[in-house]
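Biologist: Please take a close look at one part of this model, a pocket and what supplies its lining. Then move on to the salt bridges, a packed helix position and the cysteines.

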Amino acid sequence: LVCSSHSGEGAHVRVARAILDKARLGEERLECGAHPPQDSSANRALIKSGGEPSPIHNNCSGKHAGMLALAARLGIELAGYIDSHHPIQKGVARMLDELCDIDTECLPLAIDGCSVPTWAIPLRHLALGFQRFASGEKLSPERREAAQRIIAAVAAHPYMVAGNKRFCTRLMEAVPRAFVKTGAEGVFCAAVPHAGLGIALKCDDGAHRASETVVAAVLASLDVWTDEELGRLRSFAEVELKNWRKFNVGRVTGLGAPA
């Protein structure tokens, strides 16, 4: 869940609370802001129960729970953990420097929708970060082991990374050897751990309508899969578009996209 942009479904909320409980922290510590669950069923259930959206329903509450748990484990100040000068965010920056071979201090810095710092990382370096994460190249043994644990956890529980009917979850359920993660503004990244490869792409219009099919097509272009895996990846690389009457009105395809 700490890797997720989840949909705010019941299981996501429960696990985010469990992380905080294990760290002996309350939900009031979350500084990600509140928005309704992205999953429509979960949102309707919240409304029906008379509840109000809270930070625990934020799609980034897993990441924030993880940051808070780390701060508690290190015994450092919890308040303001979202600030770029806080030790937690300085640690995030150091990891980005190590993985992506960059100097975050020299990059443009903005604030994400969930209020944490976000750096303008060039795509080549973002792909390199996922490559090193997947392969362990140039990482210390401790870092390499941590990366392998994260990859194994995501492969075992892809539902926690996104949610019901979400692309990331569905693709990793279909092809467990793939690691994919959506981002904002048309960004999409992927890793192929068994081949030590990393991928990063961005759609210029900032939308995700094409990024999902394109990342599936790029993955399918790699000669590192079984025939069965390849067939499943190709099924994600082309999507039929239907209107409210379920008429076919078009398609989005990543097939033929340059690798």
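Modeller: I start with the pocket, then follow the chain outward from there.

This is a predicted model, with local features needing pLDDT of at least 70 and side-chain atom pairs counting only at pLDDT 80 or more, while totals for chains, interfaces and linings use all residues. Residues are numbered from 1 along each chain as its sequence is written, and side-chain values use heavy atoms, leaving out hydrogens and water.

The second largest pocket holds about 490 Å³ of space. A pocket here is an open set of points on a 1 Å grid over the protein atoms alone, where a 1.4 Å probe fits and protein lies on both sides within 12 Å along at least five of seven lines; lining residues have an atom within 4 Å of a point. Its volume is the space filled by probe spheres set on the points, which are joined across faces, edges and corners.

Seventeen residues line the second largest pocket. Nearest its centre lie Glu212, Val239, Glu240, Leu241 and Lys242. Four elements each supply at least two lining residues: α7 (167–174), α8 (211–220), α9 (227–236) and β6 (238–242). Helices (H or I, at least four residues) and strands (E, at least two) are DSSP runs, numbered from the N terminus. β6 gives the most, with four residues. By type, the lining has seven charged, six nonpolar and four polar residues. Charged means Asp, Glu, Lys and Arg; nonpolar means Ala, Val, Leu, Ile, Met, Phe, Trp, Tyr, Cys and Pro; the others, Gly among them, are polar.

Next, the salt bridges. The whole structure has six, each a side-chain nitrogen of Lys or Arg within 4 Å of a carboxyl oxygen of Asp or Glu. One pairs glutamate 238 with arginine 251, at 2.4 Å from N to O. This pair links strand β6, which holds glutamate 238, to strand β7 (residues 248–253), which holds arginine 251, 13 residues apart. Glutamate 238 is partly exposed at 31% relative accessibility, and arginine 251 is partly exposed at 49%. Buried means under 20% relative accessible area, exposed over 50%, partly exposed in between (1.4 Å probe, protein chains only).

Another salt bridge joins glutamate 229 to arginine 177, with closest N and O atoms 2.8 Å apart. Glutamate 229 sits in helix α9, and arginine 177 in the loop between α7 and β3 (179–182), 52 residues away. Glutamate 229 is buried, at 11%. Arginine 177 is partly exposed, at 34%.

Helix α1 contributes too. Arginine 17 bridges to glutamate 27, N to O 2.6 Å. That pair links helix α1 to the loop between α1 and α2 (40–48), across ten residues.

Alanine 16 is also in helix α1 (residues 10–22). Alanine 16 is buried, with a relative accessible area of 0%. Beyond residues up to four places away in sequence, alanine 16 touches Leu1, Ile56, Ser61 and Ala65. Contact means heavy atoms within 4.5 Å. The C-alpha atoms of alanine 16 and cysteine 60 are 9.7 Å apart, with their positions 44 residues apart along the chain.

Last, the cysteines. There are zero disulfides, a disulfide being a pair of cysteine sulfur atoms within 2.5 Å. For cysteine 168, the closest cysteine sulfur is 10 Å away in cysteine 189, too far for a bond. For cysteine 203, the closest is also in cysteine 189, at 12 Å, again too far. Cysteine 168 is buried at 4%, and cysteine 203 is buried at 13%.
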